[in-house]
Amino acid sequence: MSQCQIFSSAEITSLRKNGKILRGCLQEVSSRVKPGITTKELDRIAETYIRDHGGKPGFLGYNGYEATLCTSVNDEIVHGIPGAYVLQEGDIVSLDCGVILDGLNTDACVTVGVGQIDPGTQKFLDDVSKTLEDVLKLLVKEGMQTGSISAFIELSLRREGYSPVRGLTGHGLGKELHQFPDIPNVGQAHTGPSLPLHTLIAIEPIASLGSDSFLQDDDGWTLRTADGSLACHFEHTVLIEQDHCEIIA
Ligand code: MF3
Ligand code: CO
């Protein structure tokens with residue numbers, strides 16, 4: 001599909017309910033991140049939360065993926081599979097999750113520290129999170145070209161000395177988890193498709209402290225930085241409005 005999906009007001013009502021479940025889920029899981037907990041335990045907490053609130057885990061079964069969360073630790077960038085790993089004081093972990101309600105997808109991610117983390121690492125998380133908040137506030141609205149969003153994210157990350165990870169992009173979503181258009185984290189202003197009213201997109205700056213390239217683990221999913229440097233990922237699902245965007249999740 002090379003057209004943006006547009007949502008009716010009934011669908012928008014459903015997306016708001018969906019997003020509330022996803023936001024609540026990520027809040028609950030974040031609050032349970034402590035040294036000593038396994039990523040698998042976090043996954044169980046997420047799945048239980050989503051089902052208890054009437055949603056379906058959006059990633060479970062997607063291209064054969066077998067969990068509710070992606071939990072990517074330290075140099076893992078995205079798509080880390082929850083498992084036996086015990087989180088350690090000073091780690092960072094991204095908690096990426098999706099919810100399906102009434103056949104529609106949302107997708108969101110936060111990266112959090114485990115216990116006390118290094119102040120430079122905390123600044124890295126704060127800066128990348130702020131890049132996401134800023135681009136949503138300043139640029140994401142009806143008529144904006146995707147390249148302008150990409151260019152803003154790229155410049156904002158590079159200004160602080162971070163590397164946008166090549167090849168990992170934001171995306172449209174709705175009926176599918178990933179659909180038209182792609183929203184890269186690097187690009188040129190005034191290029192790419194324009195966003196129509198009431199379409200839904202996931203914006204997701206993904207940055208590393210070093211290399212901008214990744215390697216894939218033998219599990220077929222986990223992507224980690226080529227040089228072992230730390231990476232983080234923040235993502236919101238937003239609805240395009242006339243002169244702003246609404247954060248759905
Ligand atoms: N948020 C992830 C992304 O946009 C979704 C991962 S789906 C999974 O790539 F199946 F890999 F978990
Ligand atoms: Co996404």
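Is Glu 235 buried or exposed, and at what relative accessibility? In this predicted model, Glu 235 has a relative accessibility of 1% and therefore counts as buried, the cut-off for that class being under 20%.

Glu 235 belongs to the set of residues that coordinate the cobalt ion (ligand 2), in which Asp 107 contributes OD, His 171 contributes NE2, and Glu 204 and Glu 235 each contribute OE, at 2.1 to 2.3 Å. Along the sequence, the donor residues of this ion follow the spacing D-x63-H-x32-E-x30-E. Distant parts of the chain are linked by the pair His 171 and Glu 235, which are 64 residues apart, with His 171 in strand 7 (residues 169-172) and Glu 235 in the loop between strand 13 (231-233) and strand 14 (236-240). His 171 is likewise classed as buried, because its relative accessibility is 2%.

Across the whole structure, a search for aromatic pairs finds 2. In one of them, Tyr 65 and Trp 221, the ring centres are 4.9 Å apart and the planes meet at 75°, so the pair is edge-to-face. These residues are 156 residues apart and link distant parts of the chain, Tyr 65 lying in the loop between strand 1 (56-57) and strand 2 (69-73), and Trp 221 in the loop between strand 11 (214-216) and strand 12 (223-225). Tyr 65 counts as buried, at 3% relative accessibility.

A tilted aromatic pair is formed by Phe 124 and Tyr 162, with 4.9 Å from centre to centre and 55° between the planes. Phe 124 in helix 3 (residues 119-138) is thereby linked with Tyr 162, 38 residues apart from it, in the loop between helix 4 (146-159) and strand 6 (163-164). Both Phe 124 and Tyr 162 are buried.

Note on methods. Residues numbered from 1 in each chain as written. Chains lettered and ligands numbered in written order. Predicted model: local features only at pLDDT ≥ 70, side-chain atom pairs only at ≥ 80, totals over all residues. Heavy atoms only, no water. Phe/Tyr/Trp six-rings, centres within 6.5 Å; stacked < 30°, edge-to-face > 60°. Helix = DSSP H or I, 4+ residues; strand = E, 2+ residues; numbered from the N terminus. Buried < 20%, exposed > 50% of the residue type's maximum accessible area, 1.4 Å probe, protein only. Donors = N, O, S within 2.8 Å, 3.2 Å for Na, K, Ca; no water.
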